[in-house]
Amino acid sequence: MKAHTYLALSLVAAALAACNGHGEEGGEAAAAAPIRPVLTQVVVPSDTVMFGPFAGTIEPRYQAQLGFQIPGRMVARDVTIGDLVTRGQRLAALDTIVTRFDLTRAEADLADAKAQAENAEAAEARTRRLMSGNSVAQATLDQAVAKRETARARVDQALSSLQKARDQMGYTELKAEFDGVVTQRLAEVGQVLTAGQGVVTVARPDVREAVVDIPEVYVGALPADGVFTVALQSAPELTARGRVREIAPLAESGTRSKRIRISLDQPGPAFRLGATINVSLMRNVSPTVLLPASALLEDGGRRSVWVVSADGKSVSRRDVTVAAARDNAEDGRIAVVDGLKAGERVVVAGVHVLKEGQAVRLANGAV
């Protein structure tokens, strides 16, 4: 009888121990899946996306680097950077001593050529009179005529040399070809210059355009008829409209960006040459949701996000469709075109540590 009693007590003790063991394992399992705080973003579809902004400057469309047509030593420079100039105004001057000597010599050569021509014409006339009396041979007359023609040719040559010398005297002064503003100073007084070497750069301020460098990957997404908004960095409330006029054919080797020139439509006086600007473009697109790139979970060819339940206590994984890279935002965000509804919450950080149905808590306390 006692043996049966001890056996029953042993079985009860073993059962109690087994129950305690299962309770401990359940506690460990519960501790293994804690409630995780998550950062979320509410889904707000948008049918527009901003291209930019990109920093740039206001530059003239037309400008010219001006220099002397002859070599010489510069003795005067009448303008500096920022000066307004008018057509025909003197900008700089060369030393005229050498060119004046050339002009004097050309005048003397012309006087000598004219004297020789007069002598040759008189000799030819005398020879003709002698020829009429058969006092000289025909060959003598022919020689006199040839000398007269040579003398006349020398006069024409001397006239051309004199005109060239006079032109070179005029070339000692550098004058503005059009009304504009001086944007560069390339030479100083006393410097010996070669023909064509730049002295100043003059730009036309009436035709201005925005110049920006845009990464090559985004240039292909530029719409052909897009109207850009150009805003001054110093006064963002001052804006102008513009369209792309020119895209550089080659990208800059260091930054892989292309230079874009945008024609401005009636820019205000505040858009002065050299002003720093921001250029942006609002594009109409099919309704999309912009999310941080950290919200996307990629597994092989599958793209998905974690969506918080309506009660804000758990998450579930949902597949989404992401737009092509060129349609994404320039700030690194991705554009989701399908798979999400307005008002839903999406986890935007720590997506690789979550599991299906895991309990979560909104970090900001919102539901």
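Start by selecting Ser280: at 14% relative accessibility, this residue counts as buried. You are looking at a predicted model, so keep that in mind as you click around. Ser280 sits in strand E16, which covers residues 276-291. Now show what surrounds Ser280. Setting aside neighbours within four places in sequence, Ser280 is in contact with Met50, Phe51, Pro53, Phe228 and Thr229.

**Zoom out for a moment**

Colour the whole protein by secondary structure and you should find four helices and 23 strands. Of the 367 residues, 34% are buried. Take the contacts with a separation of 6 or more: 73% of them are between residues 24 or more positions apart. Switch on the surface and you have about 21700 Å² of accessible area, with 53% of that belonging to carbon and sulfur atoms.

**Strands E13, E14 and E15**

Next, go to residues 228-232, which make up strand E13, and to residues 239-247, strand E14. These two run antiparallel and are joined by four bridges. They form a hairpin, with six residues between the strands. For a spot to check by eye, pick Val230, which stands opposite Ala240 in E14.

Stay with E14 and add residues 257-265, strand E15. The E14 and E15 pairing is antiparallel too, over six bridges. Click Ile247 and look across to E15, where the bridge partner is Ile260.

**Two open sheets**

Now for a sheet of four strands. Its order is E8-E7-E5-E10, the pairing is antiparallel and the sheet is open. Which strands stand at the edges? They are E8 (173-175) and E10 (192-193); each has a single partner strand, so one side of each is left without a neighbour in the sheet. Select residues 72-77 to light up E5, which is joined to E10 by two bridges and runs antiparallel to that strand. Arg73 is a handy marker here, standing opposite Val192 in E10.

Then move to another open sheet of four strands, with the order E4-E11-E9-E6 and antiparallel pairing. Here the edge positions go to E4 (63-67) and E6 (84-85), and since each has a single partner strand, one side of each lacks a neighbour in the sheet. Follow E6 across to E9, residues 180-185: the two pair in the antiparallel sense over two bridges. Val85 and Gly180 in E9 stand opposite each other.

**Helix H2, from one part to another**

Select residues 97-132 to bring up helix H2. Ile97 belongs to this helix, and with 47% relative accessibility Ile97 counts as partly exposed. Add Val98 and Phe101 to your selection: with Ile97 they form a nonpolar patch on the surface, sharing about 330 Å² of accessible area.

Now click Thr127, also found in H2. Is Thr127 buried or exposed? It is buried, with a relative accessible area of 11%. Leave out residues up to four places away in sequence, and Thr127 touches Val136, Thr140, Leu141 and Ala144.

**Trp306 and its neighbours**

Head to residues 302-308, strand E18, and pick out Trp306. At 4% relative accessibility, Trp306 is buried. Beyond residues up to four places away in sequence, Trp306 touches a long list, including Leu297, Val315, Ser316, Arg317, Leu354, Lys355 and Glu356. Val351 is also among the residues Trp306 touches, and the backbone oxygen of Val351 lies 2.8 Å from a polar atom of the Trp306 side chain. If you have the distance tool open, try the C-alpha atoms of Trp306 and Asp319: they are separated by 8.9 Å, with the two positions 13 residues apart along the chain counted as their spacing.

**Last stop: Thr40**

Finish on Thr40, in strand E2, residues 40-42. Thr40 is buried, with a relative accessible area of 17%. Which residue's side chain makes a polar contact with the side chain of Thr40? Look for Arg345, at 3.0 Å. Arg345 is also one of the residues that Trp306 touches. Apart from residues up to four places away in sequence, Thr40 touches Val308, Arg345, Val346, Val347, Val348 and Leu362. For one more distance, pick Val307: it is 267 residues from Thr40 in sequence, yet their C-alpha atoms are 8.9 Å apart in space.

Key
Residues are numbered from 1 along each chain as its sequence is written. This is a predicted model: local features need pLDDT of at least 70, side-chain atom pairs count only at pLDDT 80 or more; totals for chains, interfaces and linings use all residues. Side-chain values use heavy atoms; hydrogens and water are left out. Buried means under 20% relative accessible area, exposed over 50%, partly exposed in between (1.4 Å probe, protein chains only). Contact means heavy atoms within 4.5 Å. A polar contact is a pair of N or O atoms within 3.5 Å; within protein, one must be able to donate a hydrogen and the other to accept it, and residues adjacent in sequence count only if both atoms are side-chain atoms. Accessible areas come from the Shrake-Rupley method with a 1.4 Å probe; for residues, only the protein chains shown count as cover. Two strands pair if DSSP finds at least two bridges between them. Patches are made of residues with over 30% relative accessible area and no salt bridge: like charges are joined within 9 Å, nonpolar side chains (Val, Leu, Ile, Met, Phe, Trp, Tyr) within 5 Å. A salt bridge is a side-chain nitrogen of Lys or Arg within 4 Å of a carboxyl oxygen of Asp or Glu.
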